[in-house]
Amino acid sequence: MPGHTADYPPQRWAFGTATEAVRRVRRPTRALTTLAAAAARWPHVRRDLLYPLLDADPARAVAAGNAFIVAQAQLPDTAPELLLTVVAQIPDPVPDDLVTGRALLRVRLLEHRLALAGEDRAAQARILVNHGSDLQSLGRDEEAAEAVRQAVGIFEDLAAADPDSYQVDVARSLTNYAHHLSDLGCNDEALAVQQRVVAVFRRLADAAPEQYGLDVAAALDNHALQLESAHRWEEAYRASQEAIARYRDRMRTDPRARAGLAIALTNASTLTLRGTGTGGAEEGAGATGEAVALWRELAAGDPGPHRAYLGVALINLVHELAGAGRPHEAVAAAQESVEIYRWLARADPDAQEEGLATALGLLRDALVLAGRAAQAVTAGAECVTVFRNLAARAPDRYERRLRGALRRQNDALQAAGQPPDPEADRSSPKASLPNTVDRPAVPVSVDGWDPTPVPGRLPPTQRSAETGRRLARAGDWSGYWQLVRSVPLVDAAELARRIPLRQWRPPAEAELEVLEMLRDITPRRAARLVERLAESATIRVPEELTVHNRDYADFGHGRSALLVVTIEADMSEVVRTLDLESGRQTTLAEGKAALASIACLGAGQAVGTRRRDAPLTGFELVRFDGPHTRVLASGAAVSGARLAATASGFVAGLRLAPAALVATSVDDLRQTDLAQWGLAHGDLLAVNPAGDRLVISDRHRLVTVDQQLERALGVATVPEDFGGVRDMVFCGPDRLLTSGDAGGLLVWDLHGHRPYVTAAHRGPALRNLFAVPAWGAVGGTDRRKHRLRFHDPHTLRPIPPPVPLRAVAEHLDFVLSSADGRYVAYGGQLGLAAGHRRHTVGRHTLVHDLDHPGAVLQRPLTGCSAP
């Protein structure tokens with residue numbers, strides 16, 4: 001071309017030929033991109049050929065696509081006016097495949113655009129807000145946040161002088177600023193900024209609801225996401241529900257609300273809390289299914305800006321359908337999401353390949369669930385390939401996800417009967433966890449644990465005969481009579497015969513009658529009577545409800561119900577409750593084994609945490625109410641949570657966060673911050689017999705609280721030489737039994753502001769603690785020696801099994817006491833016990849009602865006093 005500095009002469013026809021080559025092609029992508037590459041090297045190509053072509057037809061630049069626009073934005077001497085003309089040709093909303101190019105052009109034009117704004121400060125601020133969005137599109141997040149911060153400052157200055165004109169600009173620029181802060185990981189700052197946005201738009205909407213109603217809804221939806229990031233799940237749920245309600249209300253008069261509602265519903269399906277109440281599992285897909293339907297309608301009319309949102313909503317729908325046990329529908333949704341992301345990735349691979357890989361991974365997992373393993377392997381192989389490409393470009397961001405894709409692909413290969421890929425194991429780094437626990441000192445304001453009136457301590461039954469002889473030798477018949485009243489009926493009948501009625505009589509007529517009745521019955525006859533009555537207090541659990549694992553059985557608090565989770569012969573999991581008064585069984589759920597923690601809320605009611613086939617649905621907190629199952633919360637935060645029923649609901653203490661979820665009614669699920677009490681997490685719980693107070697622990701600190709977890713009553717630190725709390729259970733209204741990781745037991749008195757240790761015992765580490773004060777025994781399971789150990793509840797000295805268990809003690813596998821103190825369940829190969837009526841080797845579970853008259857007669861006769 002003329003102007004080229006080379007040894008060979010220029011060809012005069014070159015300009016015309018190149019110009020016609022660009023003008024005549026329908027899609028000038030290759031021609032203009034090649035020309036831009038030449039123009040970057042030779043200035044005369046830019047000056048004499050490329051720029052005149054674009055001046056004459058700037059739409060050609062847009063037709064050439066993103067690659068050419070990116071190249072053009074990097075040419076050194078392009079006139080700003082020409083770049084502005086090209087930017088003006090880009091459609092709005094911007095197609096996904098032009099986002100990067102447009103952002104580069106506008107970033108380059110910043111100074112020119114600010115100069116054009118002149119002294120118009122509001123125009124300058126709006127340019128800076130848009131500049132922040134452009135920088136974010138290019139991955140320059142810190143610069144983006146700074147640009148928008150400057151814009152916020154300008155709008156705030158303007159609003160100080162003219163609030164009516166600029167308050168809305170302050171709110172909208174703050175919305176962008178909150179997004180940028182969130183992208184930088186500054187969640188607390190982002191949350192505070194978004195709270196300001198909500199407050200401003202509420203004020204504006206109060207004065208002009210038609211004008212600003214949608215802004216309030218959008219602000220609430222964004223606020224919900226910020227609250228979710230801050231682990232304030234209850235507030236996030238409520239903000240999301242308010243946003244959805246506002247969008248629904250506005251849809252009657254404003255068609256723009258349809259897209260807003262679709263966004264809010266899509267976001268709601270990603271929140272941890274899903275609400276409480278009852279309903280079928282299919283309800284979990286309700287909001288997400290509605291979001292998909294809305295996005296379909298919107299994408300049908302304008303696919304450009306809405307198809308990507310449809311892909312996101314479909315991914316959420318795959319999770320919901322898989323969790324509801326509808327794998328074939330999940331496959332269809334995953335296939336549709338893959339096709340959408342293929343289309344998006346062809347247009348903009350840098351921005352959309354991650355979405356394509358995610359969709360392919362979900363399709364692989366859904367196909368495995370649907371029993372189509374061979375097809376799953378094909379989808380998984382493509383998923384691994386896409387993640388390899390991403391990891392090659394950005395290893396810090398994608399190496400971990402590549403390893404996850406390899407591991408999940410091995411699961412698909414195994415399901416298809418194919419050998420695994422060894423790369424998954426080779427590429428997985430070994431985890432190293434610290435051995436120390438950070439326990440910062442936190443000042444806690446406590447109200448104090450008020451003492452519960454209880455009878456005085458009674459002497460142990462085992463020493464009654466020795467004590468009786470001592471009192472008789474001393475002639476202390478009044479003390480002797482107190483001893484008679486403090487022991488069970490059989491021992492009382494034996495002791496009463498020794499009282500010389502000619503020398504001493506009880507002062508009250510009623511007590512004299514009791515003494516005479518005791519003297520009239522022989523100890524042997526009393527023993528037979530108590531044994532028969534005690535048998536009537538024992539319930540034999542139906543075979544299908546036999547407890548095989550103590551961790552998967554629970555009593556309702558203050559309710560006559562037993563919850564049992566069993567694994568059937570086909571390895572399916574069945575959740576049932578037994579009404580201990582009527583004997584009625586209720587099956588709550590059946591399916592693949594998934595439950596991790598359970599709590600019984602009554603006959604036909606329970607809550608549990610479960611892991612569904614990850615990574616499709618991950619972890620869930622669910623409520624069972626008869627045949628209905630409702631997801632209350634979902635996400636990684638639910639993993640490892642411990643559940644405990646209270647008098648009015650339940651508490652879920654979380655393992656992965658210093659938080660607990662509290663349900664005090666069907667429609668109320670609240671979140672409590674445990675960090676305020678110095679707890680790192682809260683997955684150890686114990687509820688008192690009344691069900692109105694509990695102790696929550698992170699293994700190193702005990703906090704006594706009310707059942708709503710609104711007030712701390714007392715705080716104590718666990719002695720370090722016990723190695724942290726392994727398990728705990730109430731052994732009286734105001735007394736707590738704990739076992740240590742390093743072994744040993746402690747009894748705590750909870751009175752006042754600081755619980756204190758009243759008894760300690762060194763011994764093996766016990767778990768599955770139980771407490772049966774009516775039998776004068778506490779204990780737990782020694783897993784190393786596969787045996788139960790029993791201890792005195794006051795001194796913690798080892799004792800023989802209590803009388804009701806002695807005949808079967810050698811064959812016991814577990815003892816489970818109800819938190820309210822009414823029931824105790826025990827089981828094992830009881831048919832092997834000597835003297836047992838059923839000589840079988842099968843496992844049996846018995847439940848003893850400690851409030852039954854037959855059980856009461858096994859306790860001390862404390863209540864036999866004068867009126």
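**From helices to paired strands in a predicted model**

In the pairing of strand 4 with strand 5, Val 575 has Ala 589 of strand 5 as its bridge partner. Strand 4 covers residues 572-579 and is joined to strand 5 by seven bridges in the antiparallel sense, where two strands are said to pair if DSSP finds at least two bridges between them. Helices (H or I, at least four residues) and strands (E, at least two) are DSSP runs numbered from the N terminus. The structure is a predicted model, in which local features need pLDDT of at least 70 and side-chain atom pairs count only at pLDDT 80 or more, while totals for chains, interfaces and linings use all residues. Residues are numbered from 1 along each chain as its sequence is written, and side-chain values use heavy atoms, with hydrogens and water left out.

Strands 4 and 5 belong to an open sheet of four strands, whose order is 2-3-4-5 and whose pairing is antiparallel. Strand 2 (553-555) and strand 5 (585-592) each have a single partner strand, so one side of each of these edge strands is left without a neighbour in the sheet. From one strand to the next, the twist averages 15°, an angle taken between N-to-C directions on a scale from 0 to 180 degrees, with axes that are lines fitted to C-alpha atoms and, for helices, over the stretch in contact.

A second open sheet of four antiparallel strands is ordered 18-19-20-21. Its edges are strand 18 (725-732) and strand 21 (756-761), each of which pairs on one side only, and its neighbouring strands are turned by 25° against each other on average, direction ignored. Within this sheet, strand 20 (residues 745-749) pairs with strand 21 over five bridges in the antiparallel sense, and Trp 748 stands opposite Val 757 of strand 21.

Further along the chain, strand 25 (residues 812-817) runs antiparallel to strand 26 and is joined to it by five bridges, with Ser 817 opposite Val 824 of strand 26. These two strands form a hairpin with five residues between them, and Gly 821 in the turn has a positive phi of about 85°. Strand 26 is also joined by six bridges to strand 27 (residues 844-849), again antiparallel, and here Gly 828 stands opposite His 844. Six of the six residues of strand 26 (residues 823-828) are buried, so this strand is largely enclosed by the rest of the structure; buried means under 20% relative accessible area, exposed over 50%, and partly exposed in between, with a 1.4 Å probe and protein chains only. Tyr 823, Ala 825 and Gly 827 point one way from strand 26, whereas Val 824, Tyr 826 and Gly 828 point the other way.

The helices can be read in a similar manner, beginning with helix 6 (residues 80-89), whose buried residues are Leu 82, Leu 83, Val 86 and Val 87. Seen down the axis of helix 6, these residues fall within an arc of 140°, so they line one face of the helix; the arc is that of the directions from the helix axis to the C-beta atoms. An α-helix has 3.6 residues a turn, so residues three or four places apart point the same way. The cover over the buried residues of helix 6 includes helix 3 (43-56), helix 4 (59-64), helix 5 (66-73) and helix 7 (99-108).

Helix 15 (residues 257-268) has nine of its 12 residues buried, so it is largely enclosed by the rest of the structure. Among these buried residues are Gly 260, Leu 261, Leu 265 and Asn 267, and the buried residues of helix 15 pack against helix 13 (209-229), helix 14 (233-250), helix 16 (286-301) and helix 17 (303-323).

The largest nonpolar core has 56 residues, of which Tyr 247, Trp 295, Leu 314, Leu 356, Leu 363 and Phe 387 touch the most other members; such a core is a set of buried Ala, Val, Leu, Ile, Met, Phe, Trp, Tyr and Cys residues joined through side-chain atoms within 4.5 Å. Not counting residues up to four places away in sequence, Phe 387 touches Ala 357, Tyr 398, Arg 401, Leu 402 and Ala 405, where contact means heavy atoms within 4.5 Å. A second, separate core of 32 residues includes Val 148, Ala 171, Leu 174 and Ala 219.
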